[in-house]
Amino acid sequence: DPPPGPRGGGPPRPAWLVDPSTGFFIATFPVTNKQFARYLEDEEDAREPACWTRRGFDRNPQPVVGLSYAEAVGFCRWLGRAMRLGRRWRVALPTGQQWAKAAYGDDGRPFPWGHEEPTKEAAVFHRQGPASVGSCPAGASASGCLDMAGNVWEWCQDTRTRSGNRQRMVRGGGFTNRTIVP
């Protein structure tokens, strides 16, 4: 079983919960502006993401936009401390493999929601800005996650090499993508 969630005014549900002995747990939605604002309030060294004050990107429950890898890792560390999870659990970004498992499951689907081509009901794409998290319930993955395709790119722990440059892996696509490709 996953650890209990926060009660009352406690910290937000974690972005990622990983238990190395049994697998991993993943949140239903990406981190919202409201959740990230709590991190900024609590952590003296935390920095605002690139789009934090940009009009149309600063609403809740929109996902955080313009987050660097270091800011995402910092949020995860803070959240783990805030939730007082103990030694058995830790909050971390997913590996690319964990992200893919949560998004696509094991049944060979090309999109989180299945085999059907992307629609505006299943994913947030070809837009001027992000939508509220969970605004496309038809796009739920087999594991119940939303926003796994479109809306905001999601950081993973892995790196990959492209054109000789080592880069951190992002998955999912963003709201500006013209299409969603499997």
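**Exercise 1. Work out what kinds of residues line the largest cavity of this predicted model.**

Solution. Start with the split: the lining has seven nonpolar residues, three polar ones and one charged one. Now put names to them. Pro112, Trp113, Ala122, Ala123, Val124, Gly139, Asp147, Met148, Ala149, Gly150 and Asn151 make up the lining. Gly counts as polar here, so look for Gly139 and Gly150 in the polar group. Asp counts as charged, which means that Asp147 is the charged member. As for volume, the largest cavity comes to about 50 Å³. A search of the whole structure for cavities of 30 Å³ or more turns up one.

**Exercise 2. Describe the largest pocket and say which elements help to line it.**

Solution. First, the space: the largest pocket holds about 530 Å³. Of its 29 lining residues, those closest to the centre are Val64, Val152, Trp153, Glu154 and Trp155. Next, the elements. Helix H2 and strand S4 (154–162) each bring at least two residues to the lining, and H2 gives the most, with three. Last, sort the lining by type: 22 residues are nonpolar, five are polar and two are charged.

**Exercise 3. Lay out the secondary structure of the protein in order.**

Solution. Count the pieces to begin with: there are three helices and five strands. Then walk along the sequence, and you get β-β-α-α-β-α-β-β. To see how the chain comes together, turn to contacts between residues at least 6 apart in sequence: 62% of them join residues at least 24 apart. For the surface, the protein exposes about 10,300 Å², with carbon and sulfur atoms supplying 47% of that area. Of the 182 residues, 46% count as buried.

**Exercise 4. Find the residues at the heart of the largest nonpolar core, and the helices that feed it.**

Solution. The core has 18 residues, and the ones touching the most other members are Phe36, Tyr39, Leu40, Phe75 and Leu79. Two elements give two or more residues each: helix H1 (33–42) and helix H2 (69–83). H2 gives the most, with seven residues. Now zoom in on one of the core residues, Leu40. Skip its neighbours within four places in sequence, and Leu40 is in contact with Ala46, Arg47, Glu48 and Trp52.

**Exercise 5. Decide whether Thr95 is buried, partly exposed or exposed, and find what it touches.**

Solution. Place Thr95 first: this residue sits in the loop between strand S3 (90–91) and helix H3. Its relative accessible area is 23%. Buried means under 20% and exposed means over 50%, so Thr95 is partly exposed. Then check its partners. Leaving out residues up to four places away in sequence, Thr95 touches Cys156, Gln157 and Asp158. Cys156 is 61 residues away along the chain, yet the C-alpha atoms of Thr95 and Cys156 are separated by 5.2 Å.

**Exercise 6. List the buried residues of helix H3, then look at what comes just after the helix.**

Solution. H3 covers residues 96–104. Go along the helix and pick out the buried ones: Gly96, Gln98, Trp99, Ala102, Ala103 and Tyr104. Now step just past the end of H3 to Gly105. Gly105 takes a positive phi of about 65°.

Terms used. Residues numbered from 1 in each chain as written. Predicted model: local features only at pLDDT ≥ 70, side-chain atom pairs only at ≥ 80, totals over all residues. Heavy atoms only, no water. Core = buried A, V, L, I, M, F, W, Y, C linked by side-chain atoms within 4.5 Å. Buried < 20%, exposed > 50% of the residue type's maximum accessible area, 1.4 Å probe, protein only. Helix = DSSP H or I, 4+ residues; strand = E, 2+ residues; numbered from the N terminus. Contact = heavy atoms within 4.5 Å. 1 Å grid on protein atoms, 1.4 Å probe; cavity = no way out; pocket = protein on both sides within 12 Å on 5 of 7 lines; lining within 4 Å. Points joined across faces, edges and corners; volume = space filled by probe spheres on them. Areas by Shrake-Rupley, 256 points an atom, 1.4 Å probe, with all protein chains shown as cover.
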